[in-house]
Amino acid sequence: MRIKELLKSNAAIGTKVEVKGWVRTKRGNKNINFVALNDGSTIHTIQAVIDASAFPEDLMKQVTTGACIAVKGILVQSPGKEQSIEIQAEGLVVYGSANPDTYPLQKKGHSLEFLREIAHLRPRTNTFGAVLRIRHALAFAIHKYFNDNGFFYLHTPIITGSDAEGAGEMFRVTTLDAKNPPLLGDGSVNFSEDFFGKQTNLTVSGQLEGELGALALSRIYTFGPTFRAENSNTPRHLAEFWMIEPEMAFYEIKDNMDLAEDFLKYLIRYALDNCRDDLEFLRKMYDEELIARLSFILENRFERITYTKAVEDLEKSGENFEFPVKWGVDLQTEHERYLVEKFYAKPVIVTDYPKAIKAFYMKQNEDGRTVRGMDVLFPKIGEIIGGSQREEDYEKLKMRIRELQLPEKDLWWYLETRLFGTAPHSGFGLGFERLVLFVTGMGNIRDVIPFPRAPKNAEF
Ligand code: 4AD
Ligand code: MG
């Protein structure tokens with residue numbers, strides 16, 4: 001029986017049960033041992049009471065923190081204050097011992113930095129158990145939300161020949177010999193001899209292919225890994241992260257904002273309703289304000305302002321920002337957090353950014369200098385969602401691609417959707433780890449993904 005089910009079922013008192021899991025702690029004396037067992041199904045442990053004289057000494061010695069064991073026994077009411085039920089052990093199997101001198105996860109008090117170095121074992125801690133269960137619940141809720149709302153899950157490619165964001169932050173995919181690649185007459189690499197017959201890279205976003213889906217199925221979403229070769233060593237950036245990208249035909253920017261707000265609130269409510277024990281644990285351990293902050297999102301309508309207004313607010317603030325603001329500069333996390341945490345004191349959606357700082361595909365406004373982009377800003381996180389209404393006009397889109405000197409020939413298929421049955425459409429990208437970061441209240445994005453990928457870091 002999984003421990004979660006066992007703890008729920010008081011009816012099982014007096015019955016024979018068997019549980020399997022990893023020893024968190026062992027207390028007691030020569031005669032009687034109290035073993036706290038966890039199998040990852042819940043933050044809670046079940047206590048096994050083991051009468052040492054009933055088992056061989058050698059076997060009992062192997063029951064130490066970190067060991068994997070199976071306990072058979074009778075489920076009884078516990079006299080202890082900490083738990084209501086426990087197992088009176090009758091059978092004991094040790095699957096794997098864990099030498100106390102070398103097992104790195106002794107009782108408690110390891111720093112998160114240290115745990116990153118032992119990412120192969122950190123899922124066995126209370127903290128990472130909680131984070132990983134919440135991460136799972138959110139992933140499930142994402143699929144449920146879209147399925148319930150008539151969106152189709154579209155699988156966009158991981159290997160692509162285009163740069164969806166036009167920012168050049170891509171990891172190359174190649175089978176060419178790095179030491180001795182085939183060359184063209186001018187000395188440059190001849191990619192026509194590469195595996196795909198052209199230059200390819202890991203995708204930075206599924207959006208462009210997502211748009212192709214939306215212009216046929218009306219509403220789609222992607223949910224997959226994306227890759228950015230940007231050298232950002234921050235608590236909010238990963239080189240490999242998961243992104244959720246809905247794309248909707250017949251949605252304008254306002255509909256896009258409504259969806260983003262409803263979606264985020266749904267996910268946060270889902271976590272509050274389904275991950276209470278884990279959230280309570282994280283609140284107690286790391287962040288007293290956690291649950292209050294999550295509820296706060298549900299209770300407030302997101303403030304919606306233009307970029308121009310945001311810059312005015314920031315200029316008026318009198319704050320001494322590290323990066324000074326003026327119209328035309330990209331907003332930094334410190335600006336975003338000021339708007340959300342101090343100025344408006346609620347989540348903010350900023351729209352209509354200068355076209356020069358946003359991607360080529362965003363719908364151009366009449367003013368000739370802004371585009372219909374939107375960023376959703378959250379407390380502690382800054383940007384959690386980035387999206388836009390898309391430019392659906394063939395000529396305008398082509399002009400913009402040329403202005404930015406993007407490889408037009410690689411985007412022929414994208415442009416062609418604007419020639420045949422084009423439609424107003426919009427979409428956005430939610431960074432999954434930024435969402436998990438917000439919901440768990442953790443401070444570093446590397447602690448909300450099992451095996452983080454960051455500059456100079458691809459262990460495990
Ligand atoms: O703002 P971004 O770059 O937008 C896009 O990629 C669009 N194609 C999305 C769309 O409209 N379909 O990224 C979207 C979100 C950001 O708001 C952020 O939450 C997250 O992805 N993100 C990252 N998360 C972790 N590490 C990184 N390096 C990230 N870069 C972006
Ligand atoms: Mg962005």
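Buried area is the accessible area, found with a 1.4 Å probe, that two parts lose on being put together, summed over both. The exercises below apply to a predicted model.

**Exercise 1.** Describe how domain 1 and domain 2 are placed and how they meet.

*Solution.*
Step 1. The domain assignment gives domain 1 as residues 3-107, and domain 2 as 124-168 + 204-447.
Step 2. Taken over C-alpha atoms, the centres of the two domains are 45 Å apart.
Step 3. Contact between them involves 10 residues of domain 1 and eight residues of domain 2.
Step 4. About 740 Å² is buried between domain 1 and domain 2, and carbon and sulfur atoms give 49% of this area. On the side of domain 1, the most area is lost by Arg24, Ile43 and Leu105, which together account for 61% of what that side buries.

**Exercise 2.** Determine which polar interactions link domain 1 to domain 2.

*Solution.*
Step 1. The rule finds zero salt bridges across the interface.
Step 2. Four residue pairs are in polar contact between the two domains, with both residues at pLDDT 80 or more.
Step 3. Sorted by class, the side of domain 1 that touches domain 2 has four nonpolar, five polar and one charged residues.

**Exercise 3.** Characterise the surroundings of ligand 1.

*Solution.*
Step 1. There are 24 residues around ligand 1, and Glu165, Gln207, Glu245, Glu383 and Ile384 come nearest.
Step 2. Consider backbone N or O atoms. One of Leu238 lies 3.0 Å from a nitrogen atom of ligand 1, one of Gly386 lies 3.2 Å from an oxygen atom of the ligand, and one of Phe428 lies 3.5 Å from a ligand nitrogen atom.
Step 3. Ligand 1 taken alone exposes 630 Å², of which the protein buries 93%.

Definitions and conventions:
Residues numbered from 1 in each chain as written. Chains lettered and ligands numbered in written order. Predicted model: local features only at pLDDT ≥ 70, side-chain atom pairs only at ≥ 80, totals over all residues. Heavy atoms only, no water. Domains from an automatic or database assignment. Contact = heavy atoms within 4.5 Å. Salt bridge = Lys/Arg side-chain N within 4 Å of Asp/Glu carboxyl O. Polar contact = N/O pair within 3.5 Å; in protein donor to acceptor, adjacent residues only side chain to side chain. Nonpolar A, V, L, I, M, F, W, Y, C, P; charged D, E, K, R; others polar. Near = heavy atom within 4 Å. Areas by Shrake-Rupley, 256 points an atom, 1.4 Å probe, with all protein chains shown as cover.
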